[in-house]
Amino acid sequence: MGNCLGSNQGSKYAIENQDEKELEKLAQKGTKAKRRRAPEAKEITARPKKALAAKHQGDGNAASPPSAPAQQKPGTTAAADSQAATNSQKPSAPAPAPKPKLNIKDFQFKQCKGEVKVKAPGTINGQAFMIDECVDCDLYVLDSCAAVTIDDSKNCRIFIGPTDGSIFMRNCTNVKCCFIGRQIRLRDVTNSNVALLCRTKPIIETSTNVGVMCYDLLYPALPDQLKAIKLDTFHNFWDSIHDFTPKPDSWRYLEPELMVSEMMGPIPEEAQAAMGETKHGQAPLISTWGSRPPPGQGYIVAIFPQGKAEEALQLVAHATEQQVHVLHTNKAEVSSPLASQIAQLAGWPSSVEKILAGMCYGVELSGDESLEEPLQAKAESLGGLCTSNTDAAELFRHLGIEG
């Protein structure tokens, strides 16, 4: 028995030792196998979470893991994504409507006879306009234009509102006109009268018996129309006529007391309705005497420095109330050398040269000698510099007349 037990125990120990050795070998093999399988493990780890989730979903016995939250793109937020989604749902903005095509017939009076034709403010809007072969008509263009041509018309009354370019009248007879523009030119015009507000020298060529006067009729839309095309009522050189073909009966000044409404005759009701309330010679319009012989012995020129346009207009209004005539006005940039020259001629101290350098406004007045001193006092109280030296006035009078 003892031998059997001993024998059995030895066998047992031998088996155990053998098992331990086998387990050791198996452990070593398992380690090597794990090392060989390591890359595969990395591949599995690197698989997308969606693939793993699909695998779990395919296993009917396994519980589905919670879905991973969506990853945000770099530099975006959930609010931005929400806004983008909202914007994508909004309807796209409609394409801008095409501009309406202009009808050339809306910008001309052609071959009219015995008619009243009126273009009210806001109907031309800076387009060019044409008048051609009209007879016995009242033609009123009460809006701003780019340029205007008037040809081969007779026995008409023609009103042309502020024009940024030129107003050119040719081959017309017995017409009465009001022209407001940067350039005004008459050629082959006979027995006609024109009231002008002109930024540059009006031009007359091969014409006969043309009467010229200062434009003076204010209507409500006029100030804004002038401003839109940068015309200033201080710039009205209506009297500085340049005659290319001078002869004794080419042109003349009309009577100084004549007003536009009188020269044009009764304004038709249709034109009056489009104009609105009209006034003669009121600001910002300035009715000037021009280069006719002076109406009185008294004379002063007042020059207002930059920023004093309103004060210059106040002097004009005061002079009109005192029945003093405004001869000329101007608005011009004065250089330092010219300021020095004007100051010397006027007898002003050299300190005023700095005041005059820049944009200035000039008003020349003439009337009874007894009014000269009160007018000077009024002008100086408004901030103007005054002198009775005509040489100083002439240096400023036509400064910038070429536009």
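Sorted by class, the residues lining the largest pocket of this predicted model come out as ten nonpolar, seven polar and four charged. That adds up to a lining of 21 residues, and P256, S287, T288, T320 and H325 are the ones nearest the pocket's centre. Three elements each give two or more residues to this lining: strand 9 (208-214), helix 7 (309-321) and strand 15 (325-334). The space inside comes to about 480 Å³.

Next comes the second largest pocket, with about 390 Å³ of space. Its lining counts 19 residues, and L231, D232, T233, F234 and K331 sit nearest the centre. Here the elements giving two or more residues are helix 4 (222-228), helix 7, strand 15 and strand 16 (358-367). Helix 4 chips in the largest share, four residues. As for class, this lining holds ten nonpolar, two polar and seven charged residues. Helix 7 and strand 15 thus turn up in the list for the largest pocket and again in the list for the second largest.

Strand 16 is also home to S366. With a relative accessible area of just 2%, S366 counts as buried, because the cut-off for that label is under 20%. Its side chain reaches the backbone oxygen of G298 at 3.2 Å. Leaving aside residues up to four places away in sequence, S366 touches P294, P295, G296, G298, V324, H325 and L327. G298 is therefore both a residue that S366 touches and the one whose backbone oxygen its side chain reaches, given that a polar contact takes N or O atoms within 3.5 Å. H325, another residue touched by S366, is among those nearest the centre of the largest pocket.

Definitions and conventions: Residues are numbered from 1 along each chain as its sequence is written. This is a predicted model: local features need pLDDT of at least 70, side-chain atom pairs count only at pLDDT 80 or more; totals for chains, interfaces and linings use all residues. Side-chain values use heavy atoms; hydrogens and water are left out. On a 1 Å grid over the protein atoms alone, a cavity is a set of points where a 1.4 Å probe fits but cannot get out, and a pocket is an open set with protein on both sides within 12 Å along at least five of seven lines; lining residues have an atom within 4 Å of a point. Grid points are joined across faces, edges and corners, and a volume is the space filled by probe spheres set on the points. Ala, Val, Leu, Ile, Met, Phe, Trp, Tyr, Cys and Pro count as nonpolar, Asp, Glu, Lys and Arg as charged, and the others, Gly among them, as polar. Buried means under 20% relative accessible area, exposed over 50%, partly exposed in between (1.4 Å probe, protein chains only). A polar contact is a pair of N or O atoms within 3.5 Å; within protein, one must be able to donate a hydrogen and the other to accept it, and residues adjacent in sequence count only if both atoms are side-chain atoms. Contact means heavy atoms within 4.5 Å.
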